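Hi everyone, thanks for making the time. I'd like to walk you through one chain this morning, so please have a look at the model while I talk.

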Amino acid sequence: MVKNVGALVLGIVGGIVGVLTIIPAILFIWRVIIKPKFFSQKPQAYKKEGSYAIITGAAGGIGKAFTIRFAKEGYNVFIMDRAAEPLHALKQEIEEKYKVTVKESVCDFIQTDKEGKWDEIAKQFEGIDVAVLVNNVGMVQYLPGEFHSLELRDINFMVTLNIRTLLMMTHICIPKMLERNHRSLIINMSSSTSGYPHPMIQVYSSTKAFVRQFADSINAEYQGKIDVIAYTPWYVKTDMTKIRENAIYALTPESFVNYCFNYFGTCGHINPYWFHYLMDIGTSCIPSKIWGQQVYKQQSFVRKRFIMRKEAEEKKKAEESNEEKPKQN
Ligand SMILES: NC(=O)c1ccc[n+]([C@@H]2O[C@H](COP(=O)([O-])OP(=O)(O)OC[C@H]3O[C@@H](n4cnc5c(N)ncnc54)[C@H](OP(=O)(O)O)[C@@H]3O)[C@@H](O)[C@H]2O)c1
């Protein structure tokens, strides 16, 4: 009898451990291998003769990597960014290497609040076949802080860039996509911060939650005609994150974009890199209150360090300029 109870307990424990390890393993294999291999749209699925991919924030970071990859796939590209010089250099590089047509538009999306600016932007897309829109441009406040301490200007800029620009670009492009009678694609850059509490970068993470929710919703609206997908990465090595080190959690923009290309047409939002996906699983096991407290502590430290560094720099500058002043007799 005692032996049977032991076997029963072992059987139950073994069963639970088995279920707890096998189910996540199957889900992982499904998500990382089967879904991209058998259920995603190929990059060429959206292309017709002369089709364009429009990319915002195209001159640097993730936007530049998307631009180059779409050009490599034979798409013409319409690149938009605020700085003329890197935009023009990218145009020349792509035309030379990939022999596709490149249209460039110098545009500071923060200035789009001005009357008539969006009509002006819409006019630039007249007569072009918009197959792909990459809503990439976005910003995070340079200094983490509690909500009351944020500059109103920064709040405004983040909402304008991360939400309003994305909505307006999408609103301009969808009618053009529906006219094509061909499958089209909209890519939105959300962030891992969209899924968990993010004290001290609360506005940024909330704008990214909006992006994810919006992509899920309109992906359902235009199913079969327009694939809409939001990506929710953790760390990509760009000017925004200032990450330089090589680490398994930090991708180059090029590798990140390669992962993104595996998931077109599969769902409304996804974290395309397998290690970031594991980070999502780990994070979702932590109660959100504890997670929030940890992020708050960490971001408070980042803020303190930033302010101290800034003060030290200013002190040094002041000392240097005092030394340079000619001594009065
Ligand atoms: N990097 C990450 O780890 C990460 C993670 C999650 C989500 N994301 C999201 O991915 C997107 C791209 O991020 P990133 O890291 O590649 O950023 P980035 O390195 O800052 O590059 C963004 C590009 O957009 C341009 N830009 C910025 N403000 C603009 C404006 N007002 N008008 C026009 N162009 C403007 C930038 O130009 P300047 O060089 O002149 O600033 C730059 O060329 C963002 O939406 C971001 O929130 C990034």
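Let's begin with helix α5, which lies across β1 (52–56), β4 (130–135), β5 (184–189) and β6 (226–231). Against β4, α5 runs at about 170°. Axes here are lines fitted to C-alpha atoms, for helices over the stretch in contact, and angles run from 0 to 180 degrees between N-to-C directions. Helices (H or I, at least four residues) and strands (E, at least two) are DSSP runs, numbered from the N terminus.

Before going on, a word on the model itself: it is predicted, so local features need pLDDT of at least 70, side-chain atom pairs count only at pLDDT 80 or more, and totals for chains, interfaces and linings use all residues. Residues are numbered from 1 along each chain as its sequence is written.

What does α5 (residues 152–179) pack against at an angle of about 10°? That partner is α6 (residues 202–221), and the two axes are 10 Å apart. That makes α5 roughly parallel to α6, a label given to angles under 35 degrees. On the α5 side, Ile 155, Met 158, Val 159, Asn 162, Ile 163 and Leu 166 meet Val 203, Tyr 204, Thr 207, Lys 208, Phe 210 and Val 211 of α6. Contact means that the C-beta atoms of two residues, placed from the backbone, lie within 7 Å. By class, these residues are 9 nonpolar, 2 polar and 1 charged. Ala, Val, Leu, Ile, Met, Phe, Trp, Tyr, Cys and Pro count as nonpolar, Asp, Glu, Lys and Arg as charged, and the others, Gly among them, as polar.

Now the sheet under discussion. It is open, has 7 strands with parallel pairing, and follows the order β3-β2-β1-β4-β5-β6-β9. Strands pair if DSSP finds at least two bridges between them. At the edges sit β3 (102–106) and β9 (269–270), each pairing on one side only. Strand β2 (residues 76–81) joins β3 in the parallel sense over 5 bridges, and Met 80 has Ser 105 in β3 as its bridge partner.

Is β4 enclosed or open to the outside? Since 6 of the 6 residues of β4 are buried, β4 is largely enclosed by the rest of the structure. Buried means 20 or more other C-beta atoms within 10 Å of a residue's own, with C-beta atoms placed from the backbone. β1 runs parallel to β4, joined by 4 bridges, with Ile 54 opposite Leu 133 in β4. β4 also pairs with β5, again parallel and over 4 bridges; there, Val 134 has Ile 187 as its bridge partner.

Following the chain from β4 towards α5, we meet Pro 144 in the loop between them. Pro 144 is buried, with 24 other C-beta atoms within 10 Å. Its C-alpha atom is 6.4 Å from that of Gln 299, although 155 residues separate the two along the chain. Leaving out residues up to four places away in sequence, Pro 144 touches Met 200, Ile 201, Gln 299, Val 302 and Arg 303.

Last stop, the ligand. Its shell holds 27 residues, the closest being Gly 57, Gly 60, Gly 61, Gly 138 and Thr 238; a residue counts as near if its C-beta atom, placed from the backbone, lies within 6 Å. Which element gives the most to this shell? It is α2, with 3 residues. The shell divides into 14 nonpolar, 9 polar and 4 charged residues.

Notes
Parallel < 35°, antiparallel > 145°, perpendicular 65-115°, else oblique. Buried ≥ 20, exposed ≤ 12 C-beta atoms within 10 Å, placed from the backbone.
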